[in-house]
Amino acid sequence: ERSNRYAGAKIKREMTDYVAWIAKSLKTEFRTPVRITYRWYCKNKRKDKSNIAFAKKFIEDGLVAAGVLKNDGWNDIEGFNDRFYIDKANPRVEVEITELTPDVFAEWD
């Protein structure tokens with residue numbers, strides 16, 4: 001990605017499209033502000049956590065493209081949490097979206 005900007009753009013497009021394809025099967029829309037929890041299951045500790053979590057941009061863009069989120073701006077995503085685990089056999093990311101209705105918002109503060 002760093003050696004060629006076109007390669008980076010291609011990776012972003014492919015990952016965003018992949019997330020959108022998966023997210024469309026959810027048939028869910030969130031219209032209130034949300035908080036997103038990312039659970040990153042990595043096969044080892046070779047990559048820095050910040051480099052791993054960089055992928056959240058692809059995920060959020062895919063959720064918007066699929067219509068799951070209205071947008072990924074300040075008014076739509078209140079914040080996010082990242083949790084990191086090791087799973088050599090099944091590396092993956094799990095995404096939990098919580099709508100911040102007034103009662104849930106009070107719990108987060």
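Helices here are DSSP runs of H or I with at least four residues, strands are DSSP runs of E with at least two, and both are numbered from the N terminus. With that in hand, welcome to the tour; please keep in mind that this is a predicted model.

**Stop 1: the whole chain**

Show the protein chain as a cartoon and colour it from one end to the other. You should find 4 helices and 3 strands. Follow the sequence and they come in the pattern α-β-α-α-β-β-α. The chain has 109 residues, and buried residues make up 30% of them.

**Stop 2: helix α1 and a nonpolar patch**

Select residues 5–24, which are helix α1, and pick out I11 within it. Is I11 buried or exposed? Its relative accessible area is 35%, so I11 counts as partly exposed. Now add M15, Y18, W21 and I22 to the selection and switch on the surface: together with I11 they form a nonpolar patch there. The accessible area of the five adds up to about 530 Å².

**Stop 3: the largest pocket**

Next, look for the largest pocket, which holds about 1100 Å³ of space. To centre your view, select W40, I52, A55, I59 and V93, which are the closest to the pocket centre among its 31 lining residues. Two or more lining residues come from each of α1, β1 (34–42), α2 (49–53), α3 (56–65) and β3 (92–99). Which element gives the most to this lining? The answer is α1, the helix of the previous stop, with 6 residues. Colour the lining by class and you will get 22 nonpolar, 3 polar and 6 charged residues.

**Stop 4: helix α3**

Stay with one contributor to the pocket and select α3. This helix is mostly covered, as 7 of its 10 residues are buried. Those to highlight are K56, F58, I59, E60, D61, G62 and L63. I59 has appeared before, as one of the residues closest to the centre of the largest pocket. Just past the end of α3, click on G67, where phi is positive at about 85 degrees.

**Stop 5: salt bridges**

Side chains of opposite charge can pair when their charged atoms come close. How many salt bridges does a search of the whole structure find? It finds 10, and three of them make good stops.

- Show R35 and E78 as sticks: their side chains meet in a salt bridge, at 2.4 Å from N to O. R35 sits in strand β1 and E78 in strand β2 (residues 77–86), so this pair ties together parts that are 43 residues apart in sequence. R35 is buried, at 13% relative accessible area, whereas E78 is partly exposed, at 33%.
- Select K57 and D72, which form a salt bridge with their closest N and O atoms 2.9 Å apart. K57 belongs to helix α3 and D72 to the loop between α3 and β2, so the pair links distant parts of the chain, 15 residues apart. Both partners are partly exposed: K57 has a relative accessibility of 36%, and D72 has 22%.
- Move on to E94 and R92, whose side chains meet in a salt bridge at 3.1 Å, N to O. E94 is partly exposed at 31% relative accessibility, and R92 is partly exposed at 28%. Before leaving, show K12, K57, D61 and D72 together, as salt bridges with shared partners join them into one network.

**Stop 6: T32 and the cavity**

For the last stop, select T32 in the loop between α1 and β1. T32 is partly exposed, with a relative accessible area of 30%. Add L69 and draw a distance between the two C-alpha atoms: they are 9.0 Å apart, although 37 residues separate them along the chain.

T32 and L69 also help to line the largest cavity. The structure holds 1 cavity of 30 Å³ or more, and the volume of the largest is about 40 Å³. To see its complete lining, select F30, R31, T32, P33, L69, K70, N71, N75 and D76. By class, this lining has 3 nonpolar, 3 polar and 3 charged residues.

How values were computed:
Residues are numbered from 1 along each chain as its sequence is written. This is a predicted model: local features need pLDDT of at least 70, side-chain atom pairs count only at pLDDT 80 or more; totals for chains, interfaces and linings use all residues. Side-chain values use heavy atoms; hydrogens and water are left out. Patches are made of residues with over 30% relative accessible area and no salt bridge: like charges are joined within 9 Å, nonpolar side chains (Val, Leu, Ile, Met, Phe, Trp, Tyr) within 5 Å. Accessible areas come from the Shrake-Rupley method with a 1.4 Å probe; for residues, only the protein chains shown count as cover. A salt bridge is a side-chain nitrogen of Lys or Arg within 4 Å of a carboxyl oxygen of Asp or Glu. Buried means under 20% relative accessible area, exposed over 50%, partly exposed in between (1.4 Å probe, protein chains only). On a 1 Å grid over the protein atoms alone, a cavity is a set of points where a 1.4 Å probe fits but cannot get out, and a pocket is an open set with protein on both sides within 12 Å along at least five of seven lines; lining residues have an atom within 4 Å of a point. Grid points are joined across faces, edges and corners, and a volume is the space filled by probe spheres set on the points. Ala, Val, Leu, Ile, Met, Phe, Trp, Tyr, Cys and Pro count as nonpolar, Asp, Glu, Lys and Arg as charged, and the others, Gly among them, as polar.
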